[in-house]
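Thank you all for coming. I would like to take a few minutes to walk through one model, and I will go slowly over how each term is meant.

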Amino acid sequence: MLFCDVVGFTPLSEARDPEAVRELLSRYFEVARTIIGRYGGVVEKFIGDAVMAVWGTPVATDSDAERAVRAALDLVSAVSELGAEAQTPELAARAGVVTGEVAVSLGAVGEGMVAGDAVNTAARVQAAAEPGQVLADEATHHLVASAIAFADAGSHRLKGKAEPRRLWRATRVLSAVGGVQRVDGLEAPLTGRDAELRTIKELFHATAERRIPRLVLISGPAGVGKSRLSWEFEKYADGLAREVWWHRGRCLSYGEGVAFWALAEVVRQRLGIAEEDLAEAATAKLAAGLDRFVPDPGERAFIGPRLARLLGISFVGVSFGGPGGAALAREDLFAGWRLFFERLAAVQPVVLLIEDAQYADSGLLDFLDHLIDWSRDLPVYLLVFARPELGEIRPRFGTGRNRSTLTLDPLDAGSMDQLVEALVPGMPPDARAKITGLAQGIPLFAVETVRALIDRDIVRPVEGVYRPCRGHRRAGRAGQPPCVAGRAAGRPGSAGAAACCRRGRAGQHVPARGAGRGVRTGRSQRPFRPS
């Protein structure tokens with residue numbers, strides 16, 4: 001059960017024009033219904049300026065409690081944004097989430113659908129929260145702590161309850177649903193990028209609901225937070241009730257025959273083809289995937305050879321290159337690849353996330369444009385992350401019909417202070433100022449500097465939180481760690497930077513040099529580059 005209430009709405013309504021109050025309340029109701037619905041909940045009723053929603057009816061799932069907490073966090077944040085837009089910064093919400101048994105009236109819609117102690121308890125838990133907070137009971141905390149970060153809110157005496165109840169304050173989403181891909185260790189809350197993340201989310205929902213393909217280019221220098229934004233969006237999309245076909249590919253800065261590596265990586269992911277699979281296994285998985293995702297036999301016959309060419313394998317007796325080999329024009333290949341993604345999008349929204357697009361071959365960029373320009377009435381959402389160098393290579397990429405560009409600038413001083421304080425609460429101001437000064441608004445630099453302090457035992461974990469310890473005053477004299485200095489001295493991917501510590505959002509490493517030139521088949525394959 002979720003119970004959310006707007007704090008201070010009564011005095012606010014008394015001081016404003018009734019029409020303005022009605023419009024604001026209507027927008028709040030619309031936002032609440034949208035957010036709750038996206039997470040698979042059902043609005044049970046509105047009570048004045050409060051909303052009550054329920055998950056697990058008529059069918060319960062293992063992720064109901066987690067989705068309720070995710071919805072509560074988003075709803076509290078949305079009310080704050082609504083207040084800012086309406087020039088009423090004092091507008092805030094608080095929410096309570098409780099897990100328990102309720103009586104459900106089958107067939108009922110809206111008010112009166114559920115009844116039981118959990119309904120009343122959710123309202124009491126909400127009342128114990130401060131404005132802007134989400135509190136959960138122990139049962140909810142136990143179910144979702146692997147995916148949601150909580151802070152102990154202590155014991156509270158709730159109205160109508162004989163014994164105090166221990167409550168937990170939800171702070172942020174840590175992972176995909178159920179704790180999948182959780183990052184344990186040094187990871188601060190997303191700082192200074194709320195507006196950009198909100199834009200990415202809303203453009204995705206516009207694509208899914210209106211079935212209009214869209215390309216979003218996110219541009220910014222190394223370490224500014226592109227990978228973190230992609231991770232936050234991935235966690236968000238995974239928590240939605242509606243399933244999404246999710247794909248991720250990375251452009252390589254080295255190697256031969258890797259022009260379409262990122263796209264091939266995307267297709268391998270969808271078909272379940274591992275890089276080390278032999279040719280026969282890869283071909284079998286391609287055939288099985290086409291049977292699953294492409295119902296029409298004629299379309300399978302068209303798509304198959306074109307995907308096989310992308311992956312560097314054979315397909316049903318069709319070979320490529322050499323005397324008598326099949327020749328496919330680039331436009332013909334593009335049509336086959338596009339049709340594959342269109343058939344996926346006909347079932348559910350497709351997200352393609354392309355990283356390090358500053359290294360992309362012009363042919364890959366051409367295909368991404370082709371996919372957006374030629375797909376019709378289908379939810380295809382293409383996120384492209386790149387450094388500013390892409391603008392020098394392809395000046396107008398990311399502009400035009402159904403395209404948007406977000407530019408990530410270095411964070412302001414206030415956001416950097418918040419970031420370092422979140423990483424190491426209680427760090428002395430002079431040390432924090434030194435770190436933020438070295439970082440120059442680049443979050444990754446600040447994170448890696450703190451990581452270097454951890455390696456030197458200047459910062460240590462204490463009860464799950466990193467704290468400055470003995471010798472903490474030396475933190476103010478810390479210089480850039482080698483990996484940061486390497487990034488600052490040269491673009492990652494250069495000879496100097498390649499040897500540096502290159503951590504991604506979850507400790508991921510880039511492929512080894514020379515790897516990733518296509519599906520490893522156990523035999524020589526001609527590098528793939530369409531004409």
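I will go through the largest pocket, then a cavity, and then one pair of helices.

Before that, please keep in mind that this is a predicted model, in which local features need pLDDT of at least 70 and side-chain atom pairs count only at pLDDT 80 or more, while totals for chains, interfaces and linings use all residues. Residues are numbered from 1 along each chain as its sequence is written, and side-chain values use heavy atoms, with hydrogens and water left out.

Let me begin with the pocket. On a 1 Å grid over the protein atoms alone, a pocket is an open set of points with protein on both sides within 12 Å along at least five of seven lines, a cavity is a set where a 1.4 Å probe fits but cannot get out, and lining residues have an atom within 4 Å of a point. The largest pocket holds about 1,400 Å³ of space, where a volume is the space filled by probe spheres set on the points, and grid points are joined across faces, edges and corners. Of the 40 residues lining this pocket, Leu 73, Asp 74, Ser 77, Glu 81 and Lys 201 are the closest to its centre. Helix 3 gives the most to that lining, with 10 residues; helices here (H or I, at least four residues) and strands (E, at least two) are DSSP runs, numbered from the N terminus. By character, the lining divides into 18 nonpolar, 7 polar and 15 charged residues, with Ala, Val, Leu, Ile, Met, Phe, Trp, Tyr, Cys and Pro counted as nonpolar, Asp, Glu, Lys and Arg as charged, and the others, Gly among them, as polar.

Turning to enclosed space, the whole structure has 2 cavities of 30 Å³ or more, and the second largest contains about 50 Å³. Its lining includes Val 6, Phe 9, Tyr 28 and Asp 49, and divides into 8 nonpolar residues, no polar and 1 charged. Helix 2 gives the most to the lining of this second largest cavity, with 3 residues.

Finally, how do helix 14 and helix 16 pass each other? Helix 14 (residues 413-423) and helix 16 (residues 443-455) have axes that come within 10 Å and cross at roughly 30°, the axes being lines fitted to C-alpha atoms over the stretch in contact, with angles running from 0 to 180 degrees between N-to-C directions. The two helices are therefore roughly parallel, a term for angles under 35 degrees. The crossing is right-handed, meaning that the near helix is turned clockwise from the far one by less than a right angle.

How values were computed:
Parallel < 35°, antiparallel > 145°, perpendicular 65-115°, else oblique.
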